[in-house]
Amino acid sequence: DTGHARSGWAFEVVSEEPLHLRIVNRVPYIVYLEYGWSKQAPAGMLRVGMLEFGDRLRRATDAFYAAA
């Protein structure tokens, strides 16, 4: 593992009003890693991270509105 794929992740601004960001990785083999060729992360990286983020955001939103 050289860390090349990990260091390739970046945000790209699509538009500023309203703010629209895109997550990109220009490493040519990132699709292979994301879809199962990685022994370290066979379930993917971005997909797993986005699911975790969605769960955390949902829990934080639920807690915020439950406390109101």
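How many bridges join β1 to β2, and do the two strands run parallel or antiparallel? There are 7 bridges, and the strands run antiparallel. Keep in mind that this is a predicted model.

**The hairpin**

β1 and β2 make a hairpin, with 2 residues between them. If you want to trace the pairing yourself, try Trp 9: its bridge partner in β2 is Asn 25.

The two strands are also tied by side chains. Glu 12 and Arg 22 meet in a salt bridge, 3.0 Å from N to O. Glu 12 sits in strand β1 and Arg 22 in strand β2, so this pair links parts that are 10 residues apart in sequence. Arg 26 comes into the picture too: Glu 12, Arg 22 and Arg 26 are linked in a network of salt bridges.

**Salt bridges elsewhere**

Searching the whole structure turns up 4 salt bridges. Here are three of them, with the N to O distance for each pair.

| Pair | N to O distance |
|---|---|
| Glu 12 and Arg 22 | 3.0 Å |
| Arg 47 and Glu 34 | 3.0 Å |
| Asp 55 and Arg 58 | 2.8 Å |

Take the Arg 47 and Glu 34 salt bridge. Arg 47 belongs to helix α3 and Glu 34 to helix α2 (residues 30-37), so the pair ties together parts that are 13 residues apart in sequence. Asp 55 and Arg 58, on the other hand, are 3 residues apart in helix α3, which puts about one helical turn between them.

How covered up are these side chains? Glu 34 is buried, with a relative accessible area of 7%, while its partner Arg 47 is partly exposed at 34%. In the hairpin, Glu 12 counts as partly exposed at 23% relative accessibility, and Arg 22 is partly exposed at 42%. Over in α3, Asp 55 is partly exposed, with a relative accessible area of 36%, and Arg 58 is partly exposed as well, at 49%.

**A nonpolar patch**

Now for the greasy side of things. Phe 11, Val 13, Leu 19, Leu 21, Ile 23, Met 50, Phe 53 and Leu 57 form a nonpolar patch on the surface, and together they have about 820 Å² of accessible area. The elements giving two or more residues to this patch are β1 (9-16), β2 (19-25) and α3 (46-67).

Is Leu 19, one of the patch residues, buried or exposed? Leu 19, found in strand β2, counts as exposed because its relative accessibility is 61%, and the cut-off for exposed is over 50%.

Notes
Residues are numbered from 1 along each chain as its sequence is written. This is a predicted model: local features need pLDDT of at least 70, side-chain atom pairs count only at pLDDT 80 or more; totals for chains, interfaces and linings use all residues. Side-chain values use heavy atoms; hydrogens and water are left out. Patches are made of residues with over 30% relative accessible area and no salt bridge: like charges are joined within 9 Å, nonpolar side chains (Val, Leu, Ile, Met, Phe, Trp, Tyr) within 5 Å. Accessible areas come from the Shrake-Rupley method with a 1.4 Å probe; for residues, only the protein chains shown count as cover. Helices (H or I, at least four residues) and strands (E, at least two) are DSSP runs, numbered from the N terminus. Buried means under 20% relative accessible area, exposed over 50%, partly exposed in between (1.4 Å probe, protein chains only). Two strands pair if DSSP finds at least two bridges between them.
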